[in-house]
Amino acid sequence: KACMDTDAINAKGLAPAEPLLKEIDAVQGRQDFPALIGKLQRIGVNVFFGYGEQQDFKDASKQIAVVIQGGLGLPEKDYYLRTGPKDVTIREQYVAHVAKMLELAGSSPEQAAKDAKNILAFETDLAKASMGVVDLREPEKTYHLQTMETFEATIPGVDFGAFQDAMHSPRVTEINNATPDFLPAMIKASHAADMETLKAYMRYQLLTASAARLPH
């Protein structure tokens, strides 16, 4: 009944998303990202990478933690990298869509258009670092069980514990680093992008994840 009460939904506007939108806007530096990413991922927002649990491919009695590539707005990496006319059109339409979403959430048309182009560029960097869908189907290529000490050594300067706490995840002792080349490349791309682009990226991902429950 609440989901069908469109009058109440429209009357609330963006109020349900405002606390997280304000938290994104208030970010001062990249040291704030792990906890914020955890908060966003906890409610299903696809930002930067993926984290969860899976069956251990080599021990069916165990469920283990897994970290994996993620953070794309288009379905998979080839949407960003193919060069045919249809693919160029899809990317142009995606940029227009992202800009419209940001504009609906309060950005000026000019700022929304600029942010959308920068978001595509950032996501393209993530796509370049991502495995293809065929490789992802090969269990041997996505099984790299590591101790947390080994895993955290691949992401120096990142407080992964703060991310786990924000996710309400246990502090695990080992993890399947399913796509080990991705996180270092993602961190490099995040440092290359300016803060306004990263904030706009998180705003868009939050909006698109919750759009079905937001007003017209």
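Two strands count as paired if DSSP finds at least two bridges between them. Helices (H or I, at least four residues) and strands (E, at least two) are themselves DSSP runs, numbered from the N terminus. The model shown here is predicted, so local features need pLDDT of at least 70 and side-chain atom pairs count only at pLDDT 80 or more, while totals for chains, interfaces and linings use all residues. Residues are numbered from 1 along each chain as its sequence is written, and side-chain values use heavy atoms, with hydrogens and water left out.

Start with the strands. Strand S1 covers residues 49-56 and strand S2 covers residues 59-69; the two run antiparallel and are joined by 8 bridges. Within this pairing, Gly-50 stands opposite Ile-68 in S2. The connection from S1 to S2 is a hairpin of 2 residues. S2 also pairs with strand S4 (residues 174-177), this time in the parallel sense, over 3 bridges. Here Val-66 is the residue that stands opposite Asn-176 in S4. In a regular strand, side chains alternate between the two faces of the sheet.

The loops at the ends of these strands come next. Gly-70 is in the loop between S2 and helix H4 (78-81). Is Gly-70 buried or exposed? Buried means under 20% relative accessible area, exposed means over 50%, and partly exposed lies in between (1.4 Å probe, protein chains only). Gly-70 has a relative accessible area of 15%, so it is buried. Its C-alpha is 6.9 Å from that of Asn-46, although the two residues are 24 apart in sequence.

Most residues other than glycine have a negative phi. Phe-48 is not a glycine, yet it has a positive phi of about 70°. Phe-48 is found in the loop between H3 and S1, and it counts as buried because its relative accessibility is 1%. His-168 also has a positive phi, near 65°, and is a residue other than glycine. The loop that holds His-168 runs between H9 and S4. With a relative accessible area of 58%, His-168 is exposed.

Aromatic rings link several of these elements. Rings of Phe, Tyr and Trp (its six-membered ring) pair if their centres lie within 6.5 Å; planes under 30 degrees apart count as stacked, over 60 as edge-to-face and the rest as tilted. A search of the whole structure finds 12 aromatic pairs. One of them is formed by Tyr-51 and Phe-160, which meet edge-to-face with 5.8 Å centre to centre and 75° between the planes. Tyr-51 belongs to strand S1 and Phe-160 to helix H9, so this pair ties together parts that are 109 residues apart in sequence. Both Tyr-51 and Phe-160 are buried.

Phe-160 also pairs with Phe-163, in a tilted arrangement with 5.1 Å centre to centre and 40° between the planes. Phe-160 and Phe-163 are separated by about one helical turn because they are 3 residues apart in helix H9. The relative accessible area is 2% for Phe-160, which is buried, and 1% for Phe-163, which is buried as well. Which residues form one aromatic cluster? The members are Phe-49, Tyr-51, Phe-151, Phe-160 and Phe-163.

A ring can also have a charge over it (NZ of Lys or CZ of Arg within 6 Å of the ring centre and within 35 degrees of the ring normal). Arg-82 lies over the face of Tyr-79 in this way, at 5.0 Å from the ring centre.

Last come the pockets. On a 1 Å grid over the protein atoms alone, a pocket is an open set of points where a 1.4 Å probe fits, with protein on both sides within 12 Å along at least five of seven lines; lining residues have an atom within 4 Å of a point. A volume is the space filled by probe spheres set on the points, which are joined across faces, edges and corners.

The largest pocket has a volume of about 330 Å³. Its lining consists of 19 residues, and those nearest its centre are Arg-30, Phe-33, Pro-34, Val-158 and Ile-187. Helix H3 (33-42), helix H9 (160-167) and helix H10 (182-192) are the elements that each give two or more residues to this lining. The largest share, 5 residues, comes from H10.

The second largest pocket holds about 260 Å³ of space. Of its 15 lining residues, Ala-2, Cys-3, Ile-9, Arg-213 and Leu-214 lie nearest its centre.
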